[in-house]
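Please open the model in a viewer and keep the selection panel at hand. The tour proceeds from the whole chain to individual side chains.

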Amino acid sequence: MAEPVAPTPSDLSTGELVTQITRQVSTLVRDELALARIELTQKGKKAGVGAGLFGGAGVVALYGVGALLTAAIAALALVLPVWASALIVAAVLYVISGVVALLGKKNLSQATPPVPAEAVEGVKTDVHTIREHARR
């Protein structure tokens, strides 16, 4: 017995071709979304571990900063009273934090509004181009 031969695209009607391509595109989109979901899940897990490790490093670094500040106060206490040493170190820290806060405020003001202006313009251009080609 001869095996059934799959019909070639030229043997199929237009309706059958449309049905076939619709099914294939649907399957392709579903498979791509499943692949993206798996990839994002894997990357999310790695990002979570990385963020946790960064957090741990930050805590250890904070303890290190505390030790350095204590050492600075102790060094100043060799020539000044301890209270004056602590006051000087605190004042320096407040000046540094003020400068950093002003820099942060400047950067935040440059980042607002949080709208991707270039992307929005690109989409508007694309829509305009598609409309122009559709009218022709």
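Of the 136 residues of the chain, 2% count as buried, in what is a predicted model. With the whole chain selected and its surface drawn, the exposed area comes to about 11,800 Å², and carbon and sulfur atoms supply 71% of that area.

Next, colour the chain by secondary structure. Three helices and zero strands appear, and from the N terminus on the order of elements is α-α-α. The radius of gyration is 32 Å, well over the 14 Å that the globule rule gives for 136 residues, so the chain is more spread out than a compact globule. Reduce the display to the C-alpha trace and align the view to the principal axes: the trace spans about 105 × 50 × 10 Å.

Now select Leu-12, in the segment before H1. Leu-12 is partly exposed, its relative accessible area being 22%; the value lies above the limit for burial, since buried means under 20%. Add Leu-28 to the selection and draw a distance between the C-alpha atoms. The two residues are 16 positions apart along the chain, and their C-alpha atoms are separated by 21 Å.

Move on to Glu-39 and Lys-43, which both lie in helix H1. Four residues, about one turn of the helix, separate them. Side chains of opposite charge can pair when their charged atoms come close. Here Glu-39 forms a salt bridge with Lys-43, and the closest N and O atoms are 3.4 Å apart. How many salt bridges does the count come to? The count comes to one salt bridge. Glu-39 itself is partly exposed, at a relative accessible area of 39%.

Proceed to the loop between helix H1 (14-76) and helix H2 (82-111), and select Leu-78 there. Is Leu-78 buried or exposed? Leu-78 counts as exposed because its relative accessibility is 75%, and exposed means over 50%. Extend the selection to Val-79, Leu-80, Ile-88, Val-92, Leu-93, Ile-96 and Val-100: together with Leu-78 they make a nonpolar surface patch of about 750 Å².

The next stop is Ser-85, found in helix H2. In contrast to the exposed Leu-78, Ser-85 counts as buried, at 0% relative accessibility. What does Ser-85 touch, not counting residues up to four places away in sequence? Display Ile-73, Leu-76, Ala-77 and Leu-80, which are the residues in question. One of these, Leu-76, deserves a distance label: the Ser-85 side chain reaches the backbone oxygen of Leu-76 at 3.2 Å. Leu-80 may already be on screen, as it is listed among the patch residues as well as among the residues that Ser-85 touches.

Finally, select Leu-87, also located in helix H2. Leu-87 has a relative accessibility of 54% and therefore counts as exposed. Add Asn-107 and draw the C-alpha to C-alpha distance, which is 30 Å; in sequence, Leu-87 and Asn-107 are 20 residues apart.

Technical notes: Residues numbered from 1 in each chain as written. Predicted model: local features only at pLDDT ≥ 70, side-chain atom pairs only at ≥ 80, totals over all residues. Heavy atoms only, no water. Patch = residues over 30% accessible without salt bridge, like charges linked within 9 Å, V, L, I, M, F, W, Y side chains within 5 Å. Areas by Shrake-Rupley, 256 points an atom, 1.4 Å probe, with all protein chains shown as cover. Salt bridge = Lys/Arg side-chain N within 4 Å of Asp/Glu carboxyl O. Helix = DSSP H or I, 4+ residues; strand = E, 2+ residues; numbered from the N terminus. Buried < 20%, exposed > 50% of the residue type's maximum accessible area, 1.4 Å probe, protein only. Polar contact = N/O pair within 3.5 Å; in protein donor to acceptor, adjacent residues only side chain to side chain. Contact = heavy atoms within 4.5 Å. Rg over C-alpha atoms; globule rule 2.2 N^0.38 Å.
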